[in-house]
Amino acid sequence: MLEHRKLGRQGLEVAGIGLGCMGMSQWYGATDDTESVATIHRALELGVTMLDTAEAYGPYDNEELLGKALRGKRDQVVIATKFGFPMKLKDGSTAKVNSRPAHIREVVEASLSRLRTDHIDVLYQHRVDPDVPIEDVVGTMAELVEQGKVRYLGLCEAGENTIRRAHAVHPLSVVQSEYSVWERNLEDGVLPALRELGIGLVGFCPLGRGFLTGAVDRAENYPEDDFRSHDPRLQGENYDHNMAIAAKIKDIAGREGLTPAQLAIAWVLHQGDDIVPIPGTKRRTYLEQNLAAADVTLGAELLAEIADTVASAQVAGPRYNEKMMAFIDR
């Protein structure tokens with residue numbers, strides 16, 4: 001079973017590795033609900049407690065999937081979901097970033113229904129809304145805590161100033177952002193602020209959207225509706241440069257008797273016991289391999305070697321395209 005970690009100072013405690021569920025419903029190729037449900041059930045058997053979803057995943061389909069998968073198992077999990085992401089709706093229209101108080105309340109009611117539960121364990125603002133003061137956003141979220149519909153609060157991809165302003169309104173338990181040996185932009189400002197304020201970090205994409213496994217293809221070889229087709233790090237010369245980094249990570253992992261994924265997840269786990277990575281997968285095989293990283297111990301020299309291998313080569317390309325980067329609060 002996985003050891004637990006405390007996130008924040010409000011009582012949130014979860015297994016040291018969570019499960020990102022987004023890919024079960026969109027953006028990463030074909031989906032298979034039967035295998036996804038089996039993966040969720042296997043995760044619970046192996047001690048995973050935090051399942052990460054959002055209204056935007058599908059949209060809506062992923063919350064529906066979790067609601068079905070967790071029938072009779074709700075008390076075993078911490079469900080984290082999110083509101084306010086710009087997304088393409090089923091009718092073909094596009095919803096913009098929206099954190100208006102009335103909209104937050106509407107989304108939470110809809111999420112509760114889809115998830116088949118009476119409370120959300122962790123509610124995140126998915127992206128900072130520049131048109132709504134963060135004080136109004138967190139004030140509304142705090143009301144939902146008072147009503148018993150939400151237990152803990154978080155922000156996604158928020159900058160240091162936003163985090164401080166939000167935390168002053170109601171304590172945040174977690175901030176979620178991309179974090180891996182491949183993507184360390186948090187370390188100069190956000191991560192020190194989180195530790196000063198006593199807020200945990202939930203790190204998504206600890207495998208660099210699969211790149212650190214060395215098993216991703218060029219962007220142009222994915223269909224338009226696959227997220228990877230728009231990833232700048234998979235395009236042109238960036239791909240060639242970055243694959244060389246992935247190959248070095250693979251070599252180190254092989255030397256240590258690990259898969260590249262296990263090495264990458266273990267590296268994140270060693271960055272502090274206030275960090276919980278949530279690698280995403282929709283297959284039991286990869287889930288089991290990923291969770292084995294919890295048993296890996298990396299010495300100081302090896303940790304430095306892994307970090308230096310990436311840093312010295314300098315990852316080529318931004319982590320999102322220009323449109324998506326515009327939604328990052330940095």
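Trainee: So helices here are DSSP runs of H or I, at least four residues long, numbered from the N terminus. What follows α1, then?

Mentor: Gly47 does, and its phi is positive, near 105 degrees. Keep in mind that this is a predicted model.

Trainee: Noted. How many residues does α1 have?

Mentor: It has 13, running over residues 33-45. From first C-alpha to last, α1 reaches 18 Å, close to the 18 Å expected at 1.5 Å a residue.

Trainee: What happens at the start of α1?

Mentor: Asp32 points a side-chain oxygen at the backbone nitrogen of Thr34. The oxygen comes to within 3.1 Å of that nitrogen.

Trainee: Which residues of α1 are buried?

Mentor: Glu35, Ser36, Ala38, Thr39, Ile40, Ala43 and Leu44.

Trainee: And what do those buried residues pack against?

Mentor: Two strands and two helices: β3 (19-20), β4 (50-52), α2 and α9 (284-291).

Trainee: Pick Ser36. What is its relative accessible area?

Mentor: 0%, so Ser36 is buried. This serine sits in helix α1.

Trainee: What does Ser36 touch?

Mentor: Met24, Leu65 and Lys282, leaving out residues up to four places away in sequence. On the C-alpha side, Ser36 and Ala69 are separated by 8.8 Å, with their positions 33 residues apart along the chain.

Trainee: New topic: the loop between β4 and α2. Which peptide bond there is cis?

Mentor: The one from Gly58 to Pro59, with omega near -5 degrees. Pro59 is placed in that β4 to α2 loop.

Trainee: What about phi of Tyr60?

Mentor: Phi of Tyr60 is positive, near 80 degrees, and this residue is not a glycine. Tyr60 is in the loop between β4 and α2 as well.

Trainee: How does Tyr60 count by relative accessibility?

Mentor: As partly exposed, because its value of 26% falls between the cut-offs of 20% for buried and 50% for exposed.

Trainee: On to packing. How do people describe two packed helices?

Mentor: By the angle between the axes and the distance between the axes.

Trainee: Then at what angle do α2 and α3 cross?

Mentor: Roughly 40 degrees, with the axes coming within 7 Å. Helix α2 spans residues 61-69 and α3 spans residues 101-115.

Trainee: What does that make α2 relative to α3?

Mentor: Oblique. Angles under 35 degrees count as roughly parallel and 65 to 115 as roughly perpendicular, so roughly 40 degrees fits neither group.

Trainee: Which residues make the contact?

Mentor: Glu63, Glu64, Leu66 and Gly67 come from α2. From α3 come Ser111, Arg114 and Leu115.

Trainee: How do the residues of that contact divide?

Mentor: Into 2 nonpolar, 2 polar and 3 charged.

Trainee: Stay with α3. How far does it reach from its first C-alpha to its last?

Mentor: 21 Å over 15 residues, close to the 21 Å expected at 1.5 Å a residue.

Trainee: Which are the buried residues of α3?

Mentor: His103, Ile104, Val107, Val108, Ser111, Leu112, Arg114 and Leu115. They pack against α2, β5 (78-83), β8 (120-125) and α4 (134-146).

Trainee: What follows α3?

Mentor: Arg116, with a positive phi near 60 degrees.

Trainee: And His119, where is it found?

Mentor: In the loop between α3 and β8.

Trainee: Is His119 buried or exposed?

Mentor: Buried, at 11% relative accessibility. His119 is in contact with Arg74, Leu112, Gly148, Lys149 and Arg151, setting aside neighbours within four places in sequence.

Trainee: What is phi of Arg209?

Mentor: About 55 degrees, so positive, although Arg209 is not a glycine. It lies in the loop between β11 (200-204) and α7 (236-255). Arg209 is buried, with a relative accessible area of 10%.

Trainee: Last one. In which helix is Val190 found?

Mentor: Helix α6, residues 190-197. Val190 is buried, at 5% relative accessible area.

Trainee: What does Val190 touch?

Mentor: Ala158, Gly159, Glu160, Ile163 and Arg330, not counting residues up to four places away in sequence. Val190 and Val175 are 9.3 Å apart, C-alpha to C-alpha, and 15 residues apart in sequence.

Methods. Residues are numbered from 1 along each chain as its sequence is written. This is a predicted model: local features need pLDDT of at least 70, side-chain atom pairs count only at pLDDT 80 or more; totals for chains, interfaces and linings use all residues. Side-chain values use heavy atoms; hydrogens and water are left out. Axes are lines fitted to C-alpha atoms, for helices over the stretch in contact, and angles run from 0 to 180 degrees between N-to-C directions. Angles under 35 degrees count as roughly parallel, over 145 as roughly antiparallel, 65 to 115 as roughly perpendicular and the rest as oblique. Contact means heavy atoms within 4.5 Å. Ala, Val, Leu, Ile, Met, Phe, Trp, Tyr, Cys and Pro count as nonpolar, Asp, Glu, Lys and Arg as charged, and the others, Gly among them, as polar. The expected span of a helix is 1.5 Å times one less than its number of residues. Buried means under 20% relative accessible area, exposed over 50%, partly exposed in between (1.4 Å probe, protein chains only). A polar contact is a pair of N or O atoms within 3.5 Å; within protein, one must be able to donate a hydrogen and the other to accept it, and residues adjacent in sequence count only if both atoms are side-chain atoms.
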